[in-house]
Amino acid sequence: MSRLYLVRHGETTSNVLQRLDTALPGATLTDFGARQAVRYALEHPEPGAPVLISSQASRAQQTAELIGSVWSVQNQVRDGLFEIQVGDLEDHTSVESHQVFSKTVRTWFEGQTSARMPGGESLDDLYARYLPVIDEIADEHLAAPDGPDVHVVSHGAAIRLIAARLVNMPAEFALKHHLKNTGSIVLERTADGWTCRRWGLELPPFHTSDPAELARDPMG
């Protein structure tokens, strides 16, 4: 059965500086981030012609284009797959700003999906623009049992929030398990809905009692 890979982009200068970077077009990849993208392609050899899609952000497009150069596949840019917009916190690096970001995300996982980042988006906003694109991608490419795998290069916080919604992942697990640059969440769509086959390095069954990962980058 074909699978949907939700892939976080490669490292950027904003990641290194722990800067909240969500507005388009955003930061570009570091040299290390470019190497991460190439390594992702080499570590995920795909038979046939996989589908490669990215958000509009520069870092996602660059990551996908580098992956595509290894696979000889053209990247498709789709609207709506960009990072959750942090509004007034944009470009901030302070501990206080990170705390506001993290507190808002936790509020969402607790069910208050209409709460907003200061001057930015709510989780409901993210769902409204992101989930229809995933549905379109699934209908186009994952409906047939022998269809190609689909790799969507997007953004850490958005990927975790969307994947948790699709597979009803317990909030504590999603909060604790960040995605490193070019880390991915692997999903399958069946007649009964979406199933998570891998979350970063974790395989099912997923345990909410795992210790929280130490994540320097809040977007992961």
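Three exercises on residues and helices of this model follow, each with a worked solution.

The model is predicted, so local features need pLDDT of at least 70 and side-chain atom pairs count only at pLDDT 80 or more, while totals for chains, interfaces and linings use all residues. Residues are numbered from 1 along each chain as its sequence is written, and side-chain values use heavy atoms, with hydrogens and water left out.

**Exercise 1.** Describe the surroundings of His151 and state whether this residue is buried or exposed.

Solution.
- Locate the residue: His151 belongs to strand S4, residues 150-154. Strands (E, at least two residues) and helices (H or I, at least four) are DSSP runs, numbered from the N terminus.
- Classify it: the relative accessible area of His151 is 1%, so this residue is buried. Buried means under 20% relative accessible area, exposed over 50%, and partly exposed in between (1.4 Å probe, protein chains only).
- List contacts (heavy atoms within 4.5 Å). Without its neighbours within four places in sequence, His151 has contacts that include Tyr5, Tyr40, Glu46 and Trp71.
- Look for polar contacts: the side chains of His151 and Tyr40 form one of 2.8 Å. The term covers a pair of N or O atoms within 3.5 Å; within protein, one must be able to donate a hydrogen and the other to accept it, and residues adjacent in sequence count only if both atoms are side-chain atoms.

**Exercise 2.** Which residues does Leu4 contact, leaving aside its neighbours within four places in sequence?

Solution.
- Leu4 lies in strand S1, residues 4-8, and is buried at 1% relative accessibility.
- Its contacts, with those neighbours left aside, are Ile134, Leu142, Val150, Val152, Ile185, Val186, Leu187 and Trp194.

**Exercise 3.** Determine how helices H2 and H3 are arranged.

Solution.
- Take the axes: those of H2 (residues 31-43) and H3 (residues 58-71) come within 8 Å and cross at roughly 40°. Axes are lines fitted to C-alpha atoms, for helices over the stretch in contact, with angles from 0 to 180 degrees between N-to-C directions.
- Name the arrangement: H2 and H3 are therefore oblique to each other. Angles under 35 degrees count as roughly parallel, over 145 as roughly antiparallel, 65 to 115 as roughly perpendicular, and the rest as oblique.
- Identify the residues: Ala34, Ala37, Val38, Tyr40, Ala41 and Leu42 in H2 meet Thr63, Leu66, Ile67, Val70 and Trp71 in H3.
- Sort them: the contact of H2 with H3 has 10 nonpolar residues, 1 polar and no charged. Ala, Val, Leu, Ile, Met, Phe, Trp, Tyr, Cys and Pro count as nonpolar, Asp, Glu, Lys and Arg as charged, and the others, Gly among them, as polar.
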